[in-house]
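Colleague: I would be grateful for a close look at a single strand of this predicted model, together with the parts that surround it. Please present the account as one connected description.

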Amino acid sequence: METIYLGLGSNLGERRGQLRAALVALTRCGVVTTRVAPVIETEALLLPGSPPSWKVPFLNTVLEARTRLSPVELLSAIKRIEQALGREPGLPRWAPRPIDIDILFYGCERIDTPELTVPHPEIGVRDFVLTPLLQLAPGKPLLPGGQTVRQAWLDLPE
């Protein structure tokens with residue numbers, strides 16, 4: 001089994017319930033959760049020109065888990081879960097959504113395909129990922145030979 005870290009976020013509907021439903025659905029797909037970071041509330045990231053109605057705060061967390069699913073199988077399972085929980089495919093980037101699940105780390109693998117990049121390329125600049133991840137894996141390098149989660153968190157702008 002491979003150790004993985006997943007980022008979960010929700011800013012539509014009953015946000016905490018959406019996070020719980022995602023955890024249950026992940027378990028049913030073969031993801032065994034070992035630890036979950038405390039849930040935090042953060043402002044939504046918005047693209048310039050986004051409608052004001054999109055400025056709905058997110059609840060975010062990170063989970064540590066183990067799985068036998070390959071990275072591609074895991075991504076496919078995540079997409080099915082997101083759709084089952086009401087996420088509409090094809091929405092603009094950073095549109096409000098009931099659930100968002102990102103593969104942050106898949107073991108020590110580096111994956112760079114059009115469909116999947118692991119480690120997630122934006123971990124080091126996202127407070128809403130680094131803050132919960134800091135609770136679970138402060139010494140984990142963001143990239144092989146790179147800065148750790150703790151170092152990246154300390155380097156975030158105030």
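Modeller: The strand in question is E5, residues 100-106, and seven of its seven residues are buried, so E5 is largely enclosed by the rest of the structure. The model is a predicted one, and the description below starts with the pairing of this strand and then turns to its surroundings.

E5 is joined to strand E1, residues 2-10, by six bridges, and the two strands run antiparallel. Two of the residue pairs can be named: Leu8 has Ile101 of E5 as its bridge partner, and Leu6 is partnered by Ile103 of E5. E1 itself is largely enclosed by the rest of the structure, because seven of its nine residues are buried. E1 is also joined to E4, by nine bridges, again in an antiparallel arrangement. One of these links is the pairing of Ser10 with Leu59 in E4. In a regular strand the side chains alternate between the two faces of the sheet.

The nonpolar packing around the strand comes next. The largest nonpolar core has 24 residues, and those with the most contacts inside it are Leu6, Leu74, Ile101 and Ile103. At least two residues of this core come from each of E1, helix H1 (15-28), E4, H2 and E5. H2 gives the most to the core, with five residues. Ile101 touches Leu6, Gly7, Leu8, Ala22, Ile78, Ile81 and Glu82, when residues up to four places away in sequence are not counted. Another core, of 17 residues, lies apart from the largest one and includes Tyr5, Val129, Ala137 and Leu142.

Residues of E5 also take part in a pocket. The largest pocket holds about 860 Å³ of space. Its lining consists of 40 residues, of which Arg87, Asp100, Ile101, Asp102 and His120 lie nearest the centre of the pocket. The elements that give two or more residues to this lining are E1, strand E4 (58-67), helix H2 (71-84), E5 and H3. H2 provides the largest share, five residues. By class, the lining of the largest pocket comprises 20 nonpolar, eight polar and 12 charged residues.

His120 merits separate attention, as one of the residues nearest the centre of the largest pocket. His120 sits in the loop between strand E7 (117-118) and helix H3 (127-136). Its relative accessibility is 16%, so His120 counts as buried. Leaving out residues up to four places away in sequence, His120 touches Asp102, Ile103, Leu104 and Arg126. Pro119 is likewise placed in the loop between E7 and H3. The peptide bond from Val118 to Pro119 is cis, with omega near -5 degrees. Most residues other than glycine have a negative phi, and most peptide bonds are trans.

Helix H3, at the other end of that loop, is part of the same setting. Seven of the 10 residues of H3 are buried, so the helix is largely enclosed by the rest of the structure. The buried residues of H3 are Phe128, Val129, Leu130, Pro132, Leu133, Leu134 and Leu136. Their cover includes E5, along with E1, strand E2 (31-36), strand E3 (40-42), E4 and helix H4 (149-154). Phe128 is also among the residues that line the second largest pocket, as are Trp94, Glu122 and Arg126. About 180 Å³ of space lies in that pocket, and its lining has five nonpolar, one polar and four charged residues.

Finally, the chain leaves E5 through a loop that leads to strand E6. Gly107 lies in this loop between E5 and E6, and at 12% relative accessibility Gly107 counts as buried. Beyond its neighbours within four places in sequence, Gly107 is in contact with Glu2, Thr3 and Lys140. The C-alpha atoms of Gly107 and Pro71 are separated by 9.8 Å, although the two residues are 36 residues apart along the chain. Arg110 is placed in the loop between E5 and strand E6 (111-112) as well. Arg110 is exposed, with a relative accessible area of 58%, whereas Gly107 is buried. The C-alpha atoms of Arg110 and Leu142, 32 residues apart along the chain, are separated by 10 Å.

Key
Residues are numbered from 1 along each chain as its sequence is written. This is a predicted model: local features need pLDDT of at least 70, side-chain atom pairs count only at pLDDT 80 or more; totals for chains, interfaces and linings use all residues. Side-chain values use heavy atoms; hydrogens and water are left out. Buried means under 20% relative accessible area, exposed over 50%, partly exposed in between (1.4 Å probe, protein chains only). Helices (H or I, at least four residues) and strands (E, at least two) are DSSP runs, numbered from the N terminus. Two strands pair if DSSP finds at least two bridges between them. Contact means heavy atoms within 4.5 Å. On a 1 Å grid over the protein atoms alone, a cavity is a set of points where a 1.4 Å probe fits but cannot get out, and a pocket is an open set with protein on both sides within 12 Å along at least five of seven lines; lining residues have an atom within 4 Å of a point. Grid points are joined across faces, edges and corners, and a volume is the space filled by probe spheres set on the points. Ala, Val, Leu, Ile, Met, Phe, Trp, Tyr, Cys and Pro count as nonpolar, Asp, Glu, Lys and Arg as charged, and the others, Gly among them, as polar. A nonpolar core is a set of buried Ala, Val, Leu, Ile, Met, Phe, Trp, Tyr and Cys residues joined through side-chain atoms within 4.5 Å.
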